[in-house]
Amino acid sequence: MSAIVGIDLGTTNSAVGVMVDGKPVLISSSVGVYLTESVVGVDESGEILVGSAAKEHQVLNPNQCAACFKRQMGTDWSVEVGKHRFSAVQLSSFILKSLKADAEAYLKTEVDRAVITVPAYFNNQQRQATIEAGKLAGFKVERIVNEPTAAALAYGVHETDAEKTIAVFDLGGGTFDISIVDFFEGAVEVRASAGEAILGGEDFTRSLARSILSQRSIMFEHAETKSPMMVARLIQQCEKAKRALSKNESTEILLPDAEGRLNADGEKFTVDRKMLLESCKPLLERIGIPVRRAMGDAKIKQQDLNQVILVGGATRMPLIYGMANEFLGKCPTGKINPDEVVALGATIQAGLINDDAGLEDMVVVDVAPFTLGVEISKELGQETRSGYFLPIINRNTVIPTSRSHSLVTISPNQVDVALNVYQGEGRMVKDNLLLGELKVKGVPRGPAGQEIEVRFTYDSNGVLEVETTIVETQQKKRMVITKHAGHLSQKELQSSLTAMEQVKTHPREKNANRFMVKRAERLFQELPTMLRNQLDVYLDVFEAALDSQDPNEIASVRSQLETFLSVHDPDDDDADDRVAR
Ligand code: AMP
């Protein structure tokens, strides 16, 4: 049977793995790292760049690149990238295609089946959009798995005999999820999940940038419109500072000038942990809310937890570590790299679907992280008031699940009913998210009170199907809730596939060289004149070697350039964690 790959499609980074000899193994990208930055760019020749090359390209060309688009999944957002306009689904599909190419290069065979992870708190639209991105990239998406569940699976696979309750605290680049998970007798059972779909490490970086600008009486939003280059550069510097502060008490960054240029002799700014904490206080407060909700839903107290594991790059921040400790009453532990654990779990899930011989049988039980229901009207005295939410599947119900509820018409001779489907915890639908609308027609004429049975079926991918039955006539109507902004019909999917085939992607085998040029070009701007001149020579020679297409020549010149870069543009302190081993 062909392999199924496991994919963590992250806001900031993505990764792909496959089962090898009964163990999940991550696959390195064309530039030799496990994590592919979730950035897409278009270079001067109109070719699509993905990952590290795109991330470097972004620093000098923010308008030709897109990042953080996972946050826009399931919406009708689109962005101009160079001469193209792409939706979040299309951008995600470029990342998935790149991971597919890495897996195919590693396995030396075509790979067309995948398990893809999503934040537990992703709604129906966002899950559907992820499945569509998978299809556009040429995958059959075998399963959508919640990120914290995948992380628990990566831990649980070694501990099939252990009985314990753990908290998975997952703060990635764009989302926060907390899950309370039981391990027992080869089962991984999620008791409760809660989270925020728009709260992650990127917000911490932006808060820091906002705070630096406000110290100079500049409004972030204003600067973003007026000098996007400057803001993009400042964010890049803040990202560096944020990572450095995970190791050191304070650090220094270079402030870009109004055009977004960095100059080694330019203005410097010292950032310390206290400033990061102050600028991020509102974000930290938001983290507390889902944590309390998940603990309450799981009916668990701090002392009942046996372990807290951290998932997602942003949990490397000491302030987040401290926060997890404070909220959950336990020092987080865990041996697996927080950036890689989700992809490893997705790979194990792929192995379970594929009946991988090396895996002991494991049962994975997940829950619906939010309540699903419909809008109803209520008769209050003489008055009928609409806009109330009737839950049909309550949050943290074990999935897959199917639940039904009887509704009745409110007016005499009412032949149509508009059934609005919502997700959320609000008592009124205005506080919840509209997922779709189902028109029920053909209700028999008669007095009010004609019965309609509504059945919700929520599958293990977190996708909802709604079925209505007019009780008297037994007439049924079904709808899979796929209707969402940006949703592609089969025909649209096909034409999008054709259109995407026209877009030229930079060849995988040339990615590493492209990345090096982009990195060198970015560094060029930051160096003092003397070093700039040196780098200029290295770049000229490297580009000439690339033109010559002589592999030996390229390799020798490349290593000189590599040495220069490693001295003058050292990676982050934690870069070792991201290098493929
Ligand atoms: P993920 O989506 O799990 O790859 O997490 C990406 C997020 O983790 C980004 O917002 C990064 O800025 C953040 N991150 C990665 N490494 C560190 C670090 N050493 N210190 C602070 N934040 C980090």
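In this predicted model, the axes of helix 4 (residues 147–156) and helix 10 (residues 341–353) come within 7 Å and cross at roughly 80°. Because angles of 65 to 115 degrees count as roughly perpendicular, helix 4 is described as roughly perpendicular to helix 10. On the side of helix 4, the contact is made by E147, A150, A151, L153, A154 and Y155. Helix 10 contributes V341, V342, L344, G345, A346, I348, Q349 and L352. Sorted by character, the residues of this contact divide into 11 nonpolar, 2 polar and 1 charged.

The strands offer a second place to look, beginning with strand 14 (residues 187–196). Is this strand mostly buried or exposed? Strand 14 is mostly covered, with 7 of its 10 residues buried. One of its partners is strand 13 (residues 176–184), and the two pair in the antiparallel sense over 9 bridges. Within this pairing, D182 stands opposite E189 of strand 14. Strand 13 and strand 14 together form a hairpin, with 2 residues between them. In the turn of that hairpin, E185 has a positive phi of about 40°. Strand 14 also pairs with strand 18 (residues 363–367); here 3 bridges join the two, and the strands run parallel. An example of this pairing is A187, whose bridge partner in strand 18 is V363.

Further along the chain is an open sheet. How many strands form it, and in what order do they come? There are 4 strands, in the order 20-19-23-24, and the pairing is antiparallel. Strand 20 (383–393) and strand 24 (433–441) stand at the edges. Each of these has a single partner strand, so one side of each is left without a neighbour in the sheet. From one strand to the next, the twist averages 35°. To follow one pairing in this sheet, strand 23 (residues 416–423) is a good place to start: 8 bridges join strand 23 to strand 24, and the two run antiparallel. Among the paired residues is A418, whose bridge partner in strand 24 is K439. A helpful idea to keep in mind when viewing any sheet is that, in a regular strand, the side chains alternate between the two faces.

Finally, the view can be widened to the whole protein. The domain assignment gives domain 1 (3–199 + 284–365), domain 2 (201–281), domain 3 (372–502) and domain 4 (508–580). Domain 1 is thus listed as two segments, 3–199 and 284–365. How far apart do the C-alpha centres of domain 2 and domain 3 lie? These centres are 46 Å apart.

Methods: Residues numbered from 1 in each chain as written. Predicted model: local features only at pLDDT ≥ 70, side-chain atom pairs only at ≥ 80, totals over all residues. Heavy atoms only, no water. Axes fitted to C-alpha atoms, helices over the stretch in contact; angles between N-to-C directions. Parallel < 35°, antiparallel > 145°, perpendicular 65-115°, else oblique. Contact = heavy atoms within 4.5 Å. Nonpolar A, V, L, I, M, F, W, Y, C, P; charged D, E, K, R; others polar. Pairing = 2+ DSSP bridges. Domains from an automatic or database assignment. Buried < 20%, exposed > 50% of the residue type's maximum accessible area, 1.4 Å probe, protein only.
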